[in-house]
Amino acid sequence: MPTEPFQIAGSIEDALSAMATGARPVAGGTDLVVGARQGKSPLPSNLVAVDRIVELSTIEQNAEGVIVGAGVTHATLMTDPLITSGYTALADAAALVGSPATRNVGTLGGNVMNGSPAMDTGAPLIVLGAMIDLRSQGGSRRVAPSKLWTGPGSTSASDDELCVAVALPKRSERSGSAYVRLEYRRAMEIAVVGAAASVELNDEGVIEQVAIALTAVAPTIVALEGLTDLVGRRVDEDVLAAVAAIASSQAQPISDLRAGADYRAHTVGVMARRAVDAAARRAAGETIEVPVNRAEGVGRTDRP
Ligand SMILES: Cc1cc2nc3c(=O)[nH]c(=O)nc-3n(C[C@H](O)[C@H](O)[C@H](O)COP(=O)(O)OP(=O)(O)OC[C@H]3O[C@@H](n4cnc5c(N)ncnc54)[C@H](O)[C@@H]3O)c2cc1C
């Protein structure tokens, strides 16, 4: 049966049926359409717009945590009270995406499914223990981000699978998270490198759990290993130096026009220690405005 080249889905079922006949979903279009205009890859011949699907644009709390619809925009993520209070690294990341225009239409689902190693929401989703909900006419499945992203711009999702939501597990009271990125200018810039951290402290202010992930230093987002030695310690200079060393050693960056590999390996360590420091301070109850980059002056050019 011939398909319309451009369809507008009013429901998830509409979108799934269009995708079953070969249509590609488009949400904000800030990757897909802008990329086509820039000549990165031609616009697919069949598109289904998913930005008007109300079920995709909600943020809901339940007993297990928070479910964020795939169609939620970065502008909403960076201000939603559930996200800024409990999942602050994700709000930090959303607040750094592009410009206000990009954030107003660009979505979490589009960022996740585009699969760029420089995506800002990726490292926060890893440290927050997020899972990605995919649906097709054949059924639903929940996949870990590390299993979804398979390489630069590629995912393990099949062409007929729609990302419907991102599930964020419940957080403990004494936990905090942060995302920090190196950028050369303050808008319309993707991360040169970035790092997200999640820290849980006990009543004595000692680390009970820590997770760190890195942006733009490998073909996919990197979840750091070997952090168990940090558990049971206070977040002091020694711990932050160890974090920087672990991050730099596990990064596998490339050199390109924007940065050399050695510079990326070094600066991602700096971003990781800043992310852990901010996450631990948030866990201890300190308020650091979203995004950390602006609150802490990362990238300020007027510093002495
Ligand atoms: C000027 C500019 C600046 C930018 N700056 C940043 C930045 O700082 N940080 C950053 O991370 N990104 C940045 N981006 C990239 C982009 O804005 C984000 O990745 C955004 O979140 C993409 O969302 P979207 O809804 O526009 O995706 P779309 O362009 O609509 O889609 C992107 C991809 O995901 C697929 N897709 C979309 N929704 C779904 C779904 N629900 N299920 C399955 N597949 C889906 C599409 O088919 C397509 O392959 C920038 C883009 C521009 C144009």
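How many bridges join strand 11 to strand 12, and which way do the two run? Hold that thought for a moment, everyone. What we have here is a predicted model.

Right, the answer: there are 8 bridges between strand 11 and strand 12, residues 193-201, and the two run antiparallel. If you want a spot to click on, try S177, which stands opposite S198 in strand 12. These strands belong to an open sheet of 4 strands, ordered 11-12-13-14 with antiparallel pairing. Its edges are strand 11 (175-182) and strand 14 (222-223), each pairing on one side only. Now look at helix 11, residues 261-283: this helix lies across strand 11, strand 12 and strand 13 (207-215), and runs at about 30° to strand 12.

Let's move over to the ligand. It is surrounded by 32 residues, and the closest are P25, T30, D31, H74 and T107. Sorted by type, that shell has 15 nonpolar, 11 polar and 6 charged residues.

Now for the polar partners of the ligand's oxygen atoms. A polar side-chain atom of D31 sits 2.5 Å from a ligand oxygen. In the side chain of H74, an N or O atom is 2.7 Å from an oxygen of the ligand. L32 takes part through its backbone, with a polar atom 2.8 Å from a ligand oxygen. As for cover, the ligand alone exposes 980 Å², and the protein buries 90% of that.

Which elements give two or more residues to the shell? They are strand 2 (24-26), helix 2 (32-37), helix 6 (100-105), helix 7 (108-114) and strand 10 (162-169). Helix 7 gives the most, with 4 residues. Thanks, everyone!

How values were computed. Residues numbered from 1 in each chain as written. Predicted model: local features only at pLDDT ≥ 70, side-chain atom pairs only at ≥ 80, totals over all residues. Heavy atoms only, no water. Near = heavy atom within 4 Å. Polar contact = N/O pair within 3.5 Å; in protein donor to acceptor, adjacent residues only side chain to side chain. Areas by Shrake-Rupley, 256 points an atom, 1.4 Å probe, with all protein chains shown as cover. Nonpolar A, V, L, I, M, F, W, Y, C, P; charged D, E, K, R; others polar. Pairing = 2+ DSSP bridges. Contact = heavy atoms within 4.5 Å. Axes fitted to C-alpha atoms, helices over the stretch in contact; angles between N-to-C directions.
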